[in-house]
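Good morning, colleagues. Please take a moment to look at the sequence and the structure on the screen before I begin.

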Amino acid sequence: MKEQKRNKYDKAYLRIAKEWSLLSYCKRKQVGAIIVKDRMIISDGYNGTPSGFENCCEDDDGYTKWYVLHAEANAISKVARSTQSCEGATLYITLSPCKDCSKLIHQSGIKRVVYYQGYKDEEGLDFLRKAGVEVEHIADLD
């Protein structure tokens, strides 16, 4: 029963992250992230340019600009600017994290990552597992 309730909440938070991804101005891929601690959303983020920059993620050739922040990096950065802490939190994200973001996730104290779709490179997930972070893939949000 407890597992069923956890799965229900996991899917709900992933749906919120999916909705949040729609705020992204990126054309190639829209990604959303929600950080939850003690069943409270403490942060959110989506992929995009840093504050004060134009809301255009791709260059003229369609490649992502180097300074575009990933959704989870944006969410973790928001926590860093608040009085909250990611220690023991769960990250819900629409796309599994890359290698660089996986380092941030681990260092921030996040203990669990739940993702919707897999990124082409699974090294980030491998790193998280090696670091003791629980990783779960949920492909069905119904």
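Which residue does UniProt list for "active site"? The unreviewed UniProt entry lists Glu72 under that heading. I should say at once that what you see is a predicted model, and that the annotation of Glu72 comes from the record.

Let me first describe the protein as a whole. The protein contains four helices and five strands. Read from the N terminus, the order of its elements is α-β-β-α-β-α-β-α-β. The C-alpha trace spans about 50 × 35 × 25 Å along its principal axes. The radius of gyration is 15 Å, and this agrees with the value near 14 Å that a compact globule of 142 residues would have.

Of the 142 residues, 44% count as buried. The accessible surface amounts to about 8600 Å², and carbon and sulfur atoms account for 49% of it. If we take the contacts between residues at least 6 apart in sequence, 51% of them join residues at least 24 apart. As for charge, the protein carries 22 positive and 21 negative charges, and the mean positions of the two sets are 5 Å apart.

I return now to the annotated residue. Where does Glu72 lie? Glu72 is in helix α2, which covers residues 71-80. Is Glu72 buried or exposed? With a relative accessible area of 3%, Glu72 is buried; the cut-off for that word is under 20%.

What is Glu72 in contact with, once its neighbours within four places in sequence are left aside? The list consists of Ala33, Leu91, Ile93, Pro97, Cys98, Cys101 and Ile105.

The helix around Glu72 deserves a few words of its own. Seven of the ten residues of α2 are buried, so this helix is largely enclosed by the rest of the structure. Those buried residues are Ala71, Glu72, Ala73, Asn74, Ala75, Ile76 and Val79. What do they pack against? Their partners are β1, β2, β3 and α3, the last of these being residues 99-108.

One of those partners, strand β3, covers residues 90-95, and Thr90 is found in it. Thr90 counts as buried, at 12% relative accessibility. Setting aside residues up to four places away in sequence, Thr90 touches Ile34, Ile35, Val36, Ile110, Arg112 and Val114.

My last topic is the loop between β1 and β2. Strand β1 covers residues 32-37 and strand β2 covers 40-46, with Asp38 in the loop between them. Arg39 has its place in the loop between β1 and β2 as well. Which backbone feature is to be noted at Asp38? Asp38 has a positive phi of about 55°, although it is not a glycine. Arg39, likewise not a glycine, has a positive phi of about 60°.

Are these two residues buried or exposed? Asp38 is exposed, with a relative accessible area of 68%. Arg39 is also exposed, its relative accessible area being 52%.

To conclude, I would ask you to keep two places in view. One is Glu72, listed for "active site" in the unreviewed UniProt entry and buried within this predicted model. The other is the loop between β1 and β2, where Asp38 and Arg39 are found. Thank you for your attention.

Technical notes. Residues are numbered from 1 along each chain as its sequence is written. This is a predicted model: local features need pLDDT of at least 70, side-chain atom pairs count only at pLDDT 80 or more; totals for chains, interfaces and linings use all residues. Side-chain values use heavy atoms; hydrogens and water are left out. Helices (H or I, at least four residues) and strands (E, at least two) are DSSP runs, numbered from the N terminus. The radius of gyration is taken over C-alpha atoms; the globule rule is 2.2 Å times the number of residues to the power 0.38. Buried means under 20% relative accessible area, exposed over 50%, partly exposed in between (1.4 Å probe, protein chains only). Contact means heavy atoms within 4.5 Å. Accessible areas come from the Shrake-Rupley method with a 1.4 Å probe; for residues, only the protein chains shown count as cover. Lys and Arg count as positive and Asp and Glu as negative; His and the chain ends are not counted. The place of a charge is taken as NZ of Lys, CZ of Arg, CG of Asp or CD of Glu. UniProt positions are given in the numbering used here, feature names are shortened, and annotations may be inferred rather than shown by experiment.
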